[in-house]
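Thanks for coming, everyone. Please have the sequence and the 3D view open in front of you. I'll take the structure piece by piece.

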Amino acid sequence: VCRRITLDALKRADLIFVSAQDAPDEIVHVMLSLGGEEFIEAAETGSVVRRCTFEEKYGFTAAALMEKQLKVNGRRVSFGSVFG
């Protein structure tokens with residue numbers, strides 16, 4: 001459980017959620033923000049945890065992702081914080 005936040009409020013240790021394709025309410029992937037454009041993730045179960053940027057993963061910077069209304073390839077990206 002976390003509080004929904006906007007991309008511009010995203011800080012280190014906040015969560016980045018990715019929905020299933022064409023199912024915006026079904027979260028299938030969670031990444032941990034490192035602040036700014038960077039986050040860590042394991043792309044799939046059993047894979048190595050890696051440091052990545054929005055541009056490396058989606059081909060768009062965070063700002064460009066906002067212009068696309070946080071939708072990429074039928075998936076919705078959203079953000080949450082478990083802190084204050």
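Read along the sequence, the protein follows the pattern β-β-β-β-β-α-α-β-β. That comes to 2 helices and 7 strands. The radius of gyration is 12 Å, close to the 12 Å that the globule rule gives for 84 residues, so the protein is as compact as a globular protein of that length. Keep in mind that this is a predicted model.

Now the overall box. Along the principal axes, the C-alpha atoms fill roughly 30 × 30 × 25 Å. Of the 84 residues, 33% count as buried. What about contacts along the chain? Take contacts between residues at least 6 apart in sequence: 43% of them join residues at least 24 apart.

Let's go to strand 7. This strand covers residues 75–81. How many of its 7 residues are buried? The count is 5, so strand 7 is largely enclosed by the rest of the structure.

Which strands pair with strand 7? Start with strand 1, residues 3–5. Strand 1 runs antiparallel to strand 7, and 3 bridges join them. Look for Arg3: its bridge partner in strand 7 is Ser81.

Next is strand 2, residues 15–20. Strand 2 also pairs with strand 7 in the antiparallel sense, over 4 bridges. Here Ile16 has Phe79 as its bridge partner in strand 7.

Then comes strand 6, residues 71–72. Strand 6 and strand 7 run antiparallel, joined by 2 bridges. Val72 is bridged to Arg75 in strand 7. These two strands form a hairpin with 2 residues between them.

Stay at that turn for a moment. Asn73 sits in the loop between strand 6 and strand 7. Its phi is near 50°, a positive value in a residue other than glycine. Is Asn73 buried or exposed? Asn73 has a relative accessible area of 64%, over the 50% cut-off, so it counts as exposed.

Asp22 is another residue to find. Asp22 lies in the loop between strand 2 and strand 3. Its phi is positive, about 60°, although Asp22 is not a glycine. Asp22 is exposed, with a relative accessible area of 66%.

Now the inside. In soluble globular proteins, nonpolar side chains tend to be buried together. Here, the largest nonpolar core has 16 residues. Those with the most contacts inside it are Leu10, Ile16, Phe54, Tyr58 and Phe79. Which elements give two or more residues to this core? They are strand 2, helix 1 (54–58), helix 2 (62–67) and strand 7.

Zoom in on Leu10. Set aside its neighbours within four places in sequence. Leu10 is then in contact with Ile5, Leu15, Ile16, Ser33, Phe54 and Phe79.

That list brings us to Ser33. Ser33 is in strand 3, residues 23–35. Where does its accessibility put it? At a relative accessible area of 1%, Ser33 is buried. A polar atom of its side chain lies 3.2 Å from the backbone oxygen of Lys11. Again leave out neighbours within four places in sequence. The contacts of Ser33 then include Leu10, Ala13, Asp14, Ile16 and Phe39.

Now compare a second serine, Ser47. Ser47 is in the loop between strand 4 (38–42) and strand 5 (49–53). At 29% relative accessibility, Ser47 counts as partly exposed. Its side chain has a polar atom 3.3 Å from the backbone nitrogen of Ala43. A polar atom of that side chain also lies 2.7 Å from the backbone oxygen of Glu44. How far is Ser47 from Leu7, C-alpha to C-alpha? The separation is 26 Å, and the two are 40 residues apart along the chain.

Last stop: the cysteines. A disulfide is a covalent bond between the sulfur atoms of two cysteines. How many disulfides does a search of the whole structure find? The result is 0. Cys2 is partly exposed, with a relative accessible area of 31%. Cys52, at 1%, counts as buried.

To recap with two pictures. Strand 7 is largely enclosed, with 5 of its 7 residues buried. Strand 7 is also among the elements that give two or more residues to the largest nonpolar core. Questions, please.

Methods: Residues numbered from 1 in each chain as written. Predicted model: local features only at pLDDT ≥ 70, side-chain atom pairs only at ≥ 80, totals over all residues. Heavy atoms only, no water. Buried < 20%, exposed > 50% of the residue type's maximum accessible area, 1.4 Å probe, protein only. Pairing = 2+ DSSP bridges. Polar contact = N/O pair within 3.5 Å; in protein donor to acceptor, adjacent residues only side chain to side chain. Contact = heavy atoms within 4.5 Å. Disulfide = S-S within 2.5 Å. Core = buried A, V, L, I, M, F, W, Y, C linked by side-chain atoms within 4.5 Å. Rg over C-alpha atoms; globule rule 2.2 N^0.38 Å.
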